[in-house]
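Here are a few notes on the model, set out as numbered points. Please read them with the structure open.

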Amino acid sequence: MLFRSKIEEAITHLQQHATLSGATPTNVGGQPAYTVRISPKEGGSLLGGAEVSFDPVHGIPLRTAIYSSTSSAPVIELAATEVSYGPVSDSVFALSPPPGAKIEEIAPATGTASAHAKAKGTETAGAKPTVTTHGKGLSSIAVLESKTKPGSKSSSSALEGLPKVSINGTSASELRTALGTILTFERSGVRYVLAGSVP
């Protein structure tokens, strides 16, 4: 009953921002399942919705899919092809490193991540990137701004080989997908990275 009440609570919260379909009977990986589709109430973005198929007896998700607003086929889909339930042998989790592999145990970090970064000397005053958002909801755009040093390679340099578009006379590299777009360009010593679920 606790599992069911948690699901109902999550559904009530979700319905404030999205349209939730009824559960449709289906079969995933040879198991009876129900599929629910979630569609955003707000338009203007490339995110068309998502589907979750779950086993009603065990409460386990067997399939998830994300859809673009421009296509009826899923852009990303992860589904079980064969499902069986039962005890799992400990040998499944036994790892055999290849010969000559070096094994290191990593201890949990103490203190905050920022304190650790300062101790390492990786954080420089005034060099911290800033992130702002423009717009509202799913159609908003995030903008990352970071100062660049002459001759230095930024983390976004991997995007330089992408197709180019013009933004107010500045050449920008564009990574376009069915679910969103990333643009990056440099102007006056500042590197800009723009990302959003929009064309």
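1. Which residue in β3 is the bridge partner of Val28? In this predicted model, Val28 is bridged to Gln31. The two strands concerned are β2, residues 24-28, and β3, residues 31-40; they run antiparallel and are joined by five bridges.

2. The connection between β2 and β3 is a hairpin, with two residues between the strands. Gly29 sits in the turn and has a positive phi of about 60°.

3. On the surface, Ile66, Val75 and Ile76 make up a nonpolar patch of about 220 Å². Ile66 belongs to strand β5, which covers residues 60-68. Its relative accessibility is 31%, so Ile66 counts as partly exposed; the cut-off for joining a patch is over 30% relative accessible area.

4. Is Thr181 buried or exposed? Thr181 is buried, because its relative accessible area is 8% and the limit for buried is under 20%. The residue is part of strand β11, residues 181-187.

5. The side chain of Thr181 has a polar atom 2.7 Å from the backbone oxygen of Val198. Val198 also appears among the contacts of Thr181 once neighbours within four places in sequence are set aside. The other residues in that list are Glu174, Leu175, Arg176, Leu194, Ala195, Gly196 and Pro199.

6. A general point for reading the strands: in a regular strand, side chains alternate between the two faces of the sheet.

Notes
Residues numbered from 1 in each chain as written. Predicted model: local features only at pLDDT ≥ 70, side-chain atom pairs only at ≥ 80, totals over all residues. Heavy atoms only, no water. Patch = residues over 30% accessible without salt bridge, like charges linked within 9 Å, V, L, I, M, F, W, Y side chains within 5 Å. Areas by Shrake-Rupley, 256 points an atom, 1.4 Å probe, with all protein chains shown as cover. Salt bridge = Lys/Arg side-chain N within 4 Å of Asp/Glu carboxyl O. Helix = DSSP H or I, 4+ residues; strand = E, 2+ residues; numbered from the N terminus. Buried < 20%, exposed > 50% of the residue type's maximum accessible area, 1.4 Å probe, protein only. Polar contact = N/O pair within 3.5 Å; in protein donor to acceptor, adjacent residues only side chain to side chain. Contact = heavy atoms within 4.5 Å. Pairing = 2+ DSSP bridges.
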